[in-house]
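Subject: Structure for your review

Dear colleague,

Please find below the structure I promised to hand over. My notes on it follow directly after.

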Amino acid sequence: MSNSATPQRRTGPTPWRTTYRQLVDSVGPGAARLRRSLIGLLAAAVFQGLALACIVPLFAAIFTRQDIGAALTWLVACTVMMVLSSVLRWRAQAFDFDGQMAQATHRLRTRLGEQLRRIPLEVLQDKRTGEMNSMVLNNVDENLLTTLTILNLIFIAVVTPLATAVALLAVDWRMAVALLLVFPAIVPLYRWRRPALGRGKRILGEAHQQASADVLEYMQGMPVLRAACQAGVKAERLSATFKRLEDIQIYGHRKGAKPNIVVASIVELGLLFVLAVGVLFVLDGSLDIAVLAALLVIMARFFEPLSTFILYTAILELIESALERISTLFAIDPLEQRVPAAVPTCYDITFEGISFRYANAGGPSISSFSATLPERSLTALVGPSGSGKTTLTRLLLRHFDPQEGSVRIGGVDLRHIPVDHLHDLISVVFQDVYLFDDTVMNNIRMARPDASDAEVRAAAESAQCLDFISRLPQGWETPLGDIGGRLSGGERQRISIARALLKDAPIVILDEPTAALDTESEISVQRAIDALVSHKTVLVIAHRLSTIVGADQILVLEDGQLIESGGHDDLLSLAGRYGRMWDAQQKVKCWHVSAALPGGAV
């Protein structure tokens, strides 16, 4: 597997250039517009600083009462600068107001969804559903929706005072230099606080992801938790997650309280220092009191933004940590798509020298496996748990690629078949069926969205679904609940088979769909399967050997290797692994429940 599947976690602060590049990349086609917005906010902050600088000569003209024309000139200049600042800021934030940020958010979520479809499922299976949900929803919102607002506040806190101080060099260089000594003090304060802020926000972000995953798992597993008396206050895992989140938040507030007070105090003392210097200059007659009065107004305007600057950057760290998690997901190498693209014209399946090892596994799940599944034949995979049966089907579905060898359909390597076309070629009926909280009609139609109602109903009829659909409260329009919770196991299986029938793919994979069903449900599902597999290339994972006696070939796996193959009678004649499995299952059939009860009572 590619090393990018497990990227290294950053230990220090993210360089601002990297954050900017990640932000621009996340916006996609809106990157140029976002750049213009950022430049607009920066320019707005500069003009606001120049407008404040105009207050000094304005006050000087007003206090002297000798040059009304000069006062009006500086008043007009101040007004023009403020209007320019407001217009630039409004145009820059139109990226939010005009819905472009919402569009960028939508595009980013779509790109994340596309990336999730492209990357190997081996990588995704190590990540919890709730964590992915948090990334696609919360992290995207943290990334985009507050970015311009926070950057605007940061520019006002830093760029505006700097522009004012630079402009004041033309009025009184001593006071300008005093101000310039205060503003740069923000930089070392920020560099002092940033590592701790970054660590805190990353830890908090991970805790939120963990909490999202645990809440989703808790809701989905509620029936099991109740049965095990682990709901409510006894849900130890969820309670521990909430407690850890609480501890992190409390610790972060406590650790940040003193530094935030220190920063605010230094800013306040710095501004008081500037005021004290101004008073001294006024007393020795080298500074006009009007200039000092104007500086008081300006400093009052700067105090709050400068004091809260570090708090703004804390939110920026939250944005950075979200960008890092999104970038990490995008950095995972997708499955290779080889060129030229090719589309098979027949549907035999060939496994050629397949070897596959899961990441961090102790040994290979499949080793040097070769087999051919002829077109329109039924092949069964049998073997003990962990023998590699499911791994083979996942390789055929291209959830991941083998490290050695190739899987071919109609002689075409799967890596040359476009992914969407490959999905069109294969229908799957899993043992554990996943249905969506949507109507019966839509759950079946998802196999072929352009299918008519009549085609959906015909597939449901062939899958033996009509009897239980008619009993549902709203019939075809009944929502099935989370994971199809309104239906029994057998009913969910038949919906799944109806999907496969509607899709009508030339290759069918069956993961022992009748293994956990009662006799009546099994009969109905088996009839549906018979309709599904007619004239298809079928691969069955079989646990009950009696269900695959008529298979065209049976492949017996053990420890990831093919140890026997042939028809049912041929394998029995070998008296090998398959024969022993068959004998064991036949003995189980003869077992009588009365033998396990005291006194033989039934």
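In what order do the six strands of the open sheet stand? The order is S6-S7-S8-S3-S9-S10, and the pairing within the sheet is mixed. Please bear in mind that this is a predicted model.

The edges of the sheet are formed by strand S6 (426-429) and strand S10 (561-566). Each of these two has a single partner strand, so one side of each is left without a neighbour in the sheet. On average, and with direction ignored, neighbouring strands of this sheet are turned by 20 degrees against each other.

The individual pairings are as follows.

- S7 and S8 run parallel and are joined by five bridges; Val508 has Val538 of S8 as its bridge partner.
- S3 and S8 also pair in the parallel sense, over four bridges; here the bridge partner of Leu378 is again Val538 in S8.
- Strand S9 (residues 553-558) pairs with S10 in the antiparallel sense over five bridges; Glu558 has Gln561 of S10 as its bridge partner.

Strand S8 (537-541) deserves a closer look. Is it enclosed or open to the outside? Five of the five residues of S8 are buried, so this strand is largely enclosed by the rest of the structure. In a regular strand the side chains alternate between the two faces of the sheet. In S8, Thr537, Leu539 and Ile541 lie on one side, while Val538 and Val540 lie on the other. These residues are all buried, and both faces of S8 are thus covered.

A helix also lies across part of this sheet. Helix H16 (residues 389-396) lies across strand S3 (378-382), S6, strand S7 (507-511), S8 and S9. With respect to S8, helix H16 runs at about 150 degrees.

Finally, I would draw your attention to one loop residue. Ala342 is found in the loop between helix H15 (309-330) and strand S1 (349-356). Is Ala342 buried or partly exposed? With a relative accessible area of 25%, Ala342 is partly exposed, because buried means under 20% and exposed means over 50%. Leaving aside neighbours within four places in sequence, Ala342 is in contact with Val412, His416, Ile417 and Pro418. The C-alpha atoms of Ala342 and Leu414 are separated by 9.0 Å, although these residues are 72 residues apart along the chain.

With kind regards

Definitions and conventions. Residues numbered from 1 in each chain as written. Predicted model: local features only at pLDDT ≥ 70, side-chain atom pairs only at ≥ 80, totals over all residues. Heavy atoms only, no water. Pairing = 2+ DSSP bridges. Axes fitted to C-alpha atoms, helices over the stretch in contact; angles between N-to-C directions. Contact = heavy atoms within 4.5 Å. Buried < 20%, exposed > 50% of the residue type's maximum accessible area, 1.4 Å probe, protein only.
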